[in-house]
Amino acid sequence: MRAVTWQGRQDVRVENVPDPQLEQPTDAIIRVTSTNICGSDLHLYEPLAAFMHRGDILGHEPMGYVEEVGPDCGDLKVGDRVVIPFQISCGGCWMCQQQLYTQCETTQVRAYDNGAALFGYSELYGGYAGGQAQYLRVPQAGFTHIKVPDGPPDERFVYLSDVLPTAWQAVEYAEVPKDGSLAILGLGPVGQMAARIASHQGIRVIAIDVDPSRISQARALGFEVLDSDEHGDELAAVAREMTDGRGPDAVIDAVGMEAHGSTAVSAIQKGAEFLPDSVARPLMLRAGVDRMAALYAAIEMVRRGGTISIVGVYGGAADPLPMVRMFDKQLQIRMGQANVKRWTDDIMPLLTDDDPLGVETFASHIGPLEEAPLLYRAFQEKKGNVFKALLKPHAEQNSVVSS
Ligand SMILES: NC(=O)c1ccc[n+]([C@@H]2O[C@H](COP(=O)([O-])OP(=O)(O)OC[C@H]3O[C@@H](n4cnc5c(N)ncnc54)[C@H](O)[C@@H]3O)[C@@H](O)[C@H]2O)c1
Ligand SMILES: [Zn+2]
Ligand SMILES: [Zn+2]
């Protein structure tokens, strides 16, 4: 089959690889009809490269049809149309019973003392083959799937794997009080979807980014928007002015470890590129390697006693935090990978023909799998206004369609 493979730092290629096989009675194989590129894939493209192996298959946002099932896959059947959550979880362990699926005790990656295994997300998360491929082996398949009806296009459902539950959890964790305000830092797919969800729930949203195209997109959607670069050190003060002098009740950080505006750590991330893996790995695991500009902005901006919901991924072990501000301001902070299936029943009623969240037109680029290297590069270099790219692994067509 054809698959998007990691070949080195900033080197992604579509290659012929062996078809996946059932390995465990709990496995299923799906034929992938749509699969997205995610902001999280870019962390592997660069800062987390030390934990990747040449030939690893990328991707964690696939959907398709069940092609084969092992004998222990519950009620999953060949021919079912399914979206696959980005995390692999069993549904039955103690953590899964608490609906903390990203902490699943059956799939936790104990070698690194990490949470549940993830598809296509480096050795740190179990080294499982990812979903940017024509076929995918799904471990713990009896639980690790979301059944969706036949009929509507893939674009209706494909974001149930990641963007929708991640954005939904970000808004839930922000716990915005009635008639309250929510600032969202980072207007990539995750932040912009969180803005759409919050505003659908009647929450006042202040949307913030540094990227001109993301800013103009958010303006076109009717959000109150701030340009973080334009306001610089005054950003928190400007947000306070907009919210009775106190600051927003909650702030979502949908930026994460590659925040723009953190030059010192940016140099460490870049430096790690040139180190052998044996040196880069301990550096990445023990040092403060995240660019923290967005999180610092969130801490400054949120009102006293307010909540910060961190959904952007961080990876450093010793990142400096302004404890005095956080303690004095009496902040609450919630974070983590999204517990995907925790939110499916809340989201599904919004994936209707009238499409209140605009999922069917959410992708900026739709193309065949073969276009992945170009799209990764464009995404990384912020060229061509790549916002969300959706790949069709069995498509015949050869050119990227941009809406
Ligand atoms: N928690 C989860 O389960 C989960 C799931 C998916 C993605 N993520 C993470 O969420 C984050 C966002 O994902 P995405 O796909 O939207 O990524 P993205 O890279 O498309 O979006 C990030 C946005 O942040 C903006 N930005 C950079 N620095 C900023 C700053 N200092 N202030 C304000 N905005 C700034 C960028 O211009 C960009 O628009 C990533 O870290 C990704 O790994 C987390
Ligand atoms: Zn993702
Ligand atoms: Zn479990």
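# A first look at a two-domain chain and its ligand

Strand 3 and strand 6 (residues 135–138) run antiparallel and are joined by 4 bridges. That pairing is a handy place to start in this predicted model. From here we can step back to the whole protein chain, which has 14 helices and 16 strands, and to its two assigned domains, domain 1 (2–162 + 340–402) and domain 2 (164–335). Ligand 1 lies between these domains, because both of them give residues to the shell around it.

**Strand 3 and its partners**

- Strand 3 covers residues 28–37, and 8 of its 10 residues are buried, so this strand is largely enclosed by the rest of the structure.
- Strand 4 (residues 62–69) runs antiparallel to strand 3, and 7 bridges join the two.
- Strand 15 (residues 389–392) also pairs with strand 3 in the antiparallel sense, over 3 bridges.
- Ile30 is a good residue to find on screen: its bridge partner in strand 4 is Val66, and in strand 6 it stands opposite Leu136.
- Thr35 has Leu391 as its bridge partner in strand 15.

**Glu371, a buried loop residue**

- Leu391 also leads us to Glu371: the two are 20 residues apart in sequence, and their C-alpha atoms are 7.9 Å apart in space.
- Glu371 sits in the loop between strand 14 (365–368) and helix 14 (372–380).
- Is Glu371 buried or exposed? Glu371 is buried, because 24 other C-beta atoms lie within 10 Å, and the cut-off for a buried residue is 20 or more.

**The chain as a whole**

- The protein chain comes to 14 helices and 16 strands. Its radius of gyration is 20 Å, close to the 22 Å that the globule rule gives for 403 residues, so the chain is as compact as a globular protein of that length.
- Along its principal axes, the C-alpha trace spans about 60 × 50 × 45 Å.
- Of the 403 residues in the protein chain, 51% are buried.
- Among contacts with a separation of 6 or more, 73% are between residues 24 or more positions apart.

**Where the two domains meet**

- The C-alpha centres of domain 1 and domain 2 lie 25 Å apart.
- Contacts between the domains involve 22 residues of domain 1 and 25 residues of domain 2.
- On the side of domain 1 that touches domain 2, helix 1 (39–45) and helix 13 (344–347) are the elements that give two or more residues. Helix 1 provides the largest share, 3 residues.
- Sorted by class, this side of domain 1 has 12 nonpolar, 5 polar and 5 charged residues.

**Around ligand 1**

- Which residues are the closest to ligand 1? They are Gly39, Ser40, Gly186, Gly188 and Gly256, out of 32 residues that surround the ligand.
- Helix 1 turns up again here: together with helix 5 (189–200), strand 9 (204–209) and helix 11 (293–301), it is among the elements that each supply at least two residues of the shell.
- The shell around ligand 1 divides into 15 nonpolar, 13 polar and 4 charged residues.
- Why does ligand 1 lie between domain 1 and domain 2? Both domains give residues to its shell, so the ligand has domain 1 and domain 2 around it.

Note on methods:
Residues are numbered from 1 along each chain as its sequence is written. Chains are lettered from A and ligands numbered from 1 in the order in which they are written. This is a predicted model: local features need pLDDT of at least 70, side-chain atom pairs count only at pLDDT 80 or more; totals for chains, interfaces and linings use all residues. The radius of gyration is taken over C-alpha atoms; the globule rule is 2.2 Å times the number of residues to the power 0.38. A residue is buried if 20 or more other C-beta atoms lie within 10 Å of its own, exposed if 12 or fewer, and partly exposed in between; C-beta atoms are placed from the backbone. Two residues are in contact if their C-beta atoms, placed from the backbone, lie within 7 Å. Domain bounds come from an automatic or database domain assignment. Ala, Val, Leu, Ile, Met, Phe, Trp, Tyr, Cys and Pro count as nonpolar, Asp, Glu, Lys and Arg as charged, and the others, Gly among them, as polar. Two strands pair if DSSP finds at least two bridges between them. A residue is near a molecule or strand if its C-beta atom, placed from the backbone, lies within 6 Å of it.
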